[in-house]
Amino acid sequence: MDERAAELWPHAPTILEKLEAVVGKDKTAAKDELICVLRLDDGPETVEDSKPGVEDFEYALQVAVMKRLESKDEAKVSEVAKIVEIAAEVVAELFDRAAIPGSPQAETDRCKSWWTMLVNVTEETTKLVPARLLSRLVEVFEVSLVRLQTSSLGLAFQRLKEFDSKQEAESATAEEGKSEAKAAKEAKDRETKRLEERKKLIAQLGISPNGHLYLTLTSLLKQLS
């Protein structure tokens with residue numbers, strides 16, 4: 001790994017070492033080992049943290065992929081699809097964890113940055129991978145993209161459920177002790193505000209027709225067509 005890059009992303013060498021070690025393992029076992037190295041069980045990274053971040057993982061992922069694409073060893077080149085598969089499992093796991101009820105907003109924000117990272121690396125990989133290996137990459141995408149979509153939607157639905165529950169509780173409290181006419185007017189105003197805020201949340205979660213979830217999935221599929 002480039003020394004300058006190692007200075008910029010100090011955790012990348014450790015992540016790369018682990019990637020090299022787990023590439024031959026089952027994707028679930030590989031994902032679990034990477035989760036430990038990335039210290040994702042500790043929650044989202046903060047400015048004060050010295051633990052691995054998304055940029056460390058992205059650089060390590062790029063190095064692992066390029067190392068294989070530049071290799072003359074066919075077995076090594078064929079491992080590119082497995083690396084993409086493992087990376088997708090890590091990101092999907094992040095979404096699953098963020099979907100646990102009561103998880104902080106920071107978990108959702110972290111998922112967005114890791115999703116973007118995975119899409120960027122994967123798009124570049126599809127442009128560089130030899131045509132003879134595209135079929136294997138397609139096989140990986142057929143499973144991984146569905147897994148990612150399911151996890152992303154699971155997180156979005158949980159956040160919407162929490163939003164709706166909070167709004168219902170606030171509405172019930174606001175109506176206490178009010179006259180029928182006043183309560184009806186305030187209820188109408190709250191519903192208008194609720195719908196606007198819900199639309200904004202849906203946009204933030206990326207699950208609208210023009211959101212990042214569907215647009216990036218479509219983009220990846222086009223890369224392989």
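**Entry 1: an aromatic pair inside**

I started with two rings and found that phenylalanine 57 and tryptophan 114 are both buried. I was working in a predicted model, and I kept that in mind throughout. Phenylalanine 57 and tryptophan 114 form an aromatic pair, with 5.3 Å from centre to centre. Their planes sit at 35 degrees, and I noted the pair as tilted. I then looked up where the two rings come from: phenylalanine 57 belongs to helix α4 and tryptophan 114 to helix α7. They are 57 residues apart, and the pair links distant parts of the chain.

**Entry 2: the overall layout**

I stepped back to see the whole fold. How many helices and strands does the protein have? I counted 10 helices and zero strands. Read along the sequence, the pattern is α-α-α-α-α-α-α-α-α-α. The protein has 225 residues, and 41% of them count as buried. I also checked how far along the chain the contacts reach. Among contacts with a separation of 6 or more, 72% are between residues 24 or more positions apart.

**Entry 3: the cores**

Next I went for the nonpolar interior. In soluble globular proteins, nonpolar side chains tend to be buried together. Which members of the largest nonpolar core touch the most other members? I wrote down Leu34, Phe57, Leu61, Trp114, Met117 and Leu148, out of 50 residues in this core. Helices α2 (12–22), α3 (27–38), α4, α6 (80–98), α7 (105–128) and α8 (134–174) each supply at least two residues of the core. Helix α6 gives the most, with 13 residues. I also found a second, separate core of five residues, including Ala156, Phe163, Leu201 and Leu205.

I picked methionine 117 for a closer look. Leaving out residues up to four places away in sequence, I found methionine 117 touching Val54, Phe57, Glu58, Leu61 and Val91. Phe57 and Leu61 were already on my list of core members that touch the most others.

**Entry 4: a second ring pair**

I went back to the aromatics and found three aromatic pairs in the structure. Are the rings of tryptophan 9 and tyrosine 59 stacked or edge-to-face? I noted ring centres 4.9 Å apart and planes at 20 degrees; that is under the 30 degrees cut-off, so the pair is stacked. Tryptophan 9 is in the loop between α1 (3–8) and α2, while tyrosine 59 is in helix α4, so the pair ties together parts that are 50 residues apart in sequence. I compared how open each partner is. Tryptophan 9 has a relative accessible area of 24% and is partly exposed. Tyrosine 59 comes in at 17% and counts as buried.

**Entry 5: a buried acid without a salt bridge**

Aspartate 56 caught my eye in helix α4 (residues 54–69). Aspartate 56 is buried, yet I found no salt bridge for it. Which side chain of opposite charge is nearest to aspartate 56? That is arginine 39, 9.8 Å away. The side chain of aspartate 56 does reach the backbone nitrogen of glycine 53, at 3.0 Å. Beyond four places in sequence, I listed Trp9, Pro10, His11, Ala12 and Ile15 as residues touched by aspartate 56. Trp9 is the residue I had just seen stacked on tyrosine 59.

**Entry 6: a buried serine**

I moved on to serine 151 in helix α8. Why does serine 151 count as buried? Its relative accessible area is 3%, and the cut-off for buried is under 20%. I then looked for a polar partner and found one: the side chains of serine 151 and aspartate 96 are joined by a polar contact of 2.9 Å. Not counting residues up to four places away, serine 151 touches Ala92, Phe95 and Asp96.

**Entry 7: two partly exposed spots**

I closed the notebook page with two residues that are less hidden. Lysine 76 sits in helix α5 (residues 74–77). Lysine 76 has 35% relative accessibility and counts as partly exposed. With neighbours within four places set aside, lysine 76 is in contact with Arg68 and Ser71. I also took the C-alpha separation between lysine 76 and valine 65, which is 9.7 Å for residues 11 apart along the chain.

Alanine 21 lies in helix α2. Its relative accessible area is 48%, and alanine 21 is partly exposed. From alanine 21 to leucine 34, 13 residues apart along the chain, I read a C-alpha separation of 10.0 Å.

Note on methods
Residues numbered from 1 in each chain as written. Predicted model: local features only at pLDDT ≥ 70, side-chain atom pairs only at ≥ 80, totals over all residues. Heavy atoms only, no water. Helix = DSSP H or I, 4+ residues; strand = E, 2+ residues; numbered from the N terminus. Buried < 20%, exposed > 50% of the residue type's maximum accessible area, 1.4 Å probe, protein only. Lys, Arg positive; Asp, Glu negative; His and termini not counted. Salt bridge = Lys/Arg side-chain N within 4 Å of Asp/Glu carboxyl O. Polar contact = N/O pair within 3.5 Å; in protein donor to acceptor, adjacent residues only side chain to side chain. Contact = heavy atoms within 4.5 Å. Core = buried A, V, L, I, M, F, W, Y, C linked by side-chain atoms within 4.5 Å. Phe/Tyr/Trp six-rings, centres within 6.5 Å; stacked < 30°, edge-to-face > 60°.
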